[in-house]
Amino acid sequence: MAKKKFDFIVFDWDGTLMDSTATIVKCIQASAKDLGLPIPDERSASYVIGLSLADAMQAVMPDVDPKYYPRMVERYRYHYLANDHELPLFPGVKELLAELSHDGYFLAVATGKSRVGLNRAMHSAGLLSMFDATRCADETFSKPHPAMLQELTRELGQEMRRTLMIGDTTHDLQMAANAGASAIAVEYGAHDAATLRNHETLFSAQSVSQLHDWLSQHA
């Protein structure tokens, strides 16, 4: 059997494993509405998905008084926690992860979510035991800083050159580039295909099924 190209596969969460993009956008917009601030359009709100909450609010509302950012975060959490238990995984995600685990890959999550938020989501999805390690934005630097990947590889004793990052945003792809890891883009999440193509990737998947097929043949 040919030697695998990768030993370690790291996934983003929102928009990559969980179908949460539309809900996140609505929660960002509702947060601005609650505070009487200009409501970001869908494209602007989608673009900041993947960043830490604090960074996302500053990026999506750069012209408002900074005093509003903590209040935006608080309102976002209020709206999101009312909906997060209903969010589904994308079809095929559980099967993909189960096969990768069975095939001996180390698996991890690197996400802009908080630790509490990721644990809630993983528990709801029945995936708490699937990953060897996880890293959240309230534990280290936010994407696209390479810290999440650097810390995960150190924790599990993996080599960056044999690490593959999979995500739906340019923040994920830039983090991989900054860390020296390879990357795959998925086109069914927060950032559109044209935006993702501005970054160097091994592959760009239009569905979980397509991602699964590529990993089975090339990873």
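1. What covers the buried residues of helix α10 includes β1, α5 (93-102), β4 (163-167), β5 (182-186) and β6 (203-205). The model in which this is seen is a predicted one. The buried residues of α10 (residues 208-218) are Val-208, Leu-211, His-212, Trp-214 and Leu-215. They cover an arc of only 165° around the axis, so they sit on the same side of α10.

2. Strand β4, one of the elements covering α10, deserves its own point. Five of its five residues are buried, which means that β4 is largely enclosed by the rest of the structure. Thr-163, Met-165 and Gly-167 point one way from the strand, while Leu-164 and Ile-166 point the other way; all of these residues are buried.

3. The neighbours of β4 in the sheet can be followed strand by strand. β1 and β4 run parallel and are joined by four bridges; here Ile-9 has Leu-164 of β4 as its bridge partner. β4 also pairs with β5, again in the parallel sense and over four bridges. In that pairing, Ile-166 is bridged to Ile-184 of β5.

4. The pairing also continues from β1 to β2. Strand β1 (residues 8-11) pairs with β2 in the parallel sense over four bridges, and Phe-8 has Phe-106 of β2 as its bridge partner. β2 in turn runs parallel to β3, with four bridges joining the two strands. Val-109 is matched there with Thr-134 of β3. Five of the six residues of β2 are buried, so this strand too is largely enclosed by the rest of the structure.

5. Which residues have the most contacts inside the largest nonpolar core? They are Ile-9, Phe-11, Trp-13, Phe-131, Ile-166, Leu-211 and Leu-215, in a core of 57 residues. Helix α4 (residues 68-81) gives the most to this core, with six residues. The core draws on both domains, taking at least three residues from each of domain 1 (8-19 + 87-218) and domain 2 (20-85). A second core, separate from this one, has 20 residues, including Ala-137, Ala-181, Ala-183 and Ala-185. Several names recur from the points above: Ile-9 is the bridge partner of Leu-164, Ile-166 is one of the buried residues of β4, and Leu-211 and Leu-215 are among the buried residues of α10.

6. Helix α3 (residues 53-60) has Ala-56, Met-57 and Val-60 buried. Seen down the helix axis, the buried residues fall within an arc of 95°, so they line one face of α3. They pack against α1 (21-34), α2 (42-47) and α4. Of these partners, α4 has been met already, as the helix that gives the most residues to the largest nonpolar core.

7. Thr-111 is in strand β2 (residues 106-111). Is this residue buried or exposed? Its relative accessibility is 1%, against a limit of under 20% for buried, so Thr-111 counts as buried. A polar atom of the Thr-111 side chain lies 3.0 Å from the backbone nitrogen of Lys-113. Leaving aside neighbours within four places in sequence, Thr-111 is in contact with Asp-12, Trp-13, Leu-118, Arg-135, Cys-136, Ala-137, Lys-143 and Met-148. Two of these names appear in the cores: Trp-13 is listed for the largest one, and Ala-137 for the second.

8. Lys-143, one of the residues in contact with Thr-111, is joined to Pro-144 by a cis peptide bond, with omega at about 5°. Pro-144 is placed in the loop between β3 and α7 (147-156).

9. Thr-134 lies in strand β3 (residues 133-136). At 15% relative accessibility this residue falls under the 20% limit and therefore counts as buried. Not counting residues up to four places away in sequence, Thr-134 touches Val-109, Arg-115, Leu-118, Met-122, Glu-139 and Leu-152. Val-109 is also its bridge partner.

10. What links the side chains of Thr-134 and Arg-115? A polar contact does, at 2.9 Å. The two residues are 19 apart in sequence, and their C-alpha atoms are 9.0 Å apart in space. Leu-118 is found in both contact lists, touching Thr-134 as well as Thr-111.

Notes. Residues numbered from 1 in each chain as written. Predicted model: local features only at pLDDT ≥ 70, side-chain atom pairs only at ≥ 80, totals over all residues. Heavy atoms only, no water. Core = buried A, V, L, I, M, F, W, Y, C linked by side-chain atoms within 4.5 Å. Buried < 20%, exposed > 50% of the residue type's maximum accessible area, 1.4 Å probe, protein only. Domains from an automatic or database assignment. Arc of directions from axis to C-beta. Contact = heavy atoms within 4.5 Å. Polar contact = N/O pair within 3.5 Å; in protein donor to acceptor, adjacent residues only side chain to side chain. Pairing = 2+ DSSP bridges.
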